[in-house]
Amino acid sequence: MRRVSELSKRPQRASGFALFLALSLMAFLLVLILSITLLAKVETNSGSVSLDRLRAKESARLALMIALGELQKHAGPDQRVTARADILGDGNYDPGAKFWTGVWDTTNPNAPPTWLVSGQTPDPSDSSSRTMQLVGNGSAGTDPTQHVYAPIIEVIDEDDTTSSEIAWWIADEGAKASVALPTNSEELPEEFFFANSLPIDEQRQILKQISPRRFATEVFHGRDAELIPGETEDITNQAIQKKIDN
């Protein structure tokens, strides 16, 4: 009797093990499917981010090439002068277009200026067009009068859909004064240079090489142009060269 009962229990044990094995395989398959799904999602997101980054780089390159072409086309000839939009006077330009660069043709004084910004017909006094902020808090602070906006250009895809939007603006660097370090590094005290680094003489030489030279016209402003009453300024070539060298 005992032997018969033992034999009758064996199929139950075998069926229980099979159920456990089936559940384990199902759990493994579920984990495998979830892992593959997550991996595919991560790869898809990574590919989308890479595509967006590539599209942004190409859009920036497109804006740069257009800007360079417009600069060479309108400001290349010698009979051209440039100025910022604020030369038009208060009320004649939008605050976001204050720093737009205009190009005037001196051979045709009555012709309107060409503005070196994006857009079909950019107008600094037009505030109704869609614009993109190019200079903001990150580079010009929180003062809105120092921010720069430019009209948006839509980049049309092969399917006649807008794939991206670009904007560009060319600044008139000629209107800025240099705030660089003085070129005569010999006048700087030793405390100005880094300690426990290169010898001070070598640091002075490096500073002299990397610092831009002052323009010759700058030496005749400020203290350099102050004269004693009744005294005349020496403007000979030797005197001018001496001021420039200093």
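An open sheet of three strands, ordered β1-β2-β3 and paired in the antiparallel sense, appears in this predicted model. Two strands are taken to pair if DSSP finds at least two bridges between them, and strands themselves are DSSP runs (E, at least two residues), just as helices are runs of H or I with at least four residues, both numbered from the N terminus. Strands of a sheet pair through backbone hydrogen bonds, either parallel or antiparallel. Here β1 (80-84) and β3 stand at the edges with a single partner strand each, so one side of each has no neighbour in the sheet. Between β2 and β3 the antiparallel pairing runs over two bridges, and G102 has W115 in β3 as its bridge partner.

A word on conventions is useful here. Residues are numbered from 1 along each chain as its sequence is written, and side-chain values use heavy atoms, leaving out hydrogens and water. Because the model is predicted, local features need pLDDT of at least 70 and side-chain atom pairs count only at pLDDT 80 or more, while totals for chains, interfaces and linings use all residues.

W115 returns in the aromatic pair, of which a search of the whole structure finds one. Its partner is W104, in an edge-to-face arrangement with 5.8 Å centre to centre and 75° between the planes. The pair joins strand β2 (residues 101-105) to strand β3 (residues 114-115), its members being 11 residues apart. Rings of Phe, Tyr and Trp (its six-membered ring) pair if their centres lie within 6.5 Å, with planes under 30 degrees apart counted as stacked, over 60 as edge-to-face and the rest as tilted. W115 is buried, at 10% relative accessibility; buried means under 20% relative accessible area, exposed over 50%, and partly exposed in between (1.4 Å probe, protein chains only).

Turning to charged side chains, the count comes to five salt bridges, each defined as a side-chain nitrogen of Lys or Arg within 4 Å of a carboxyl oxygen of Asp or Glu. One of them joins D52 and R55 at 3.2 Å, N to O; these residues are three apart in helix α1 (residues 2-75), separated by about one helical turn. Another is formed by R84 and D86 at 2.8 Å. R130 and E154 meet at 3.8 Å, linking the loop between β3 and β4 (131-135) with strand β6 (residues 153-156) across 24 residues. R130 is partly exposed at 49%, as is E154 at 41%. Together with E165, R130 and E154 are linked in a network of salt bridges.
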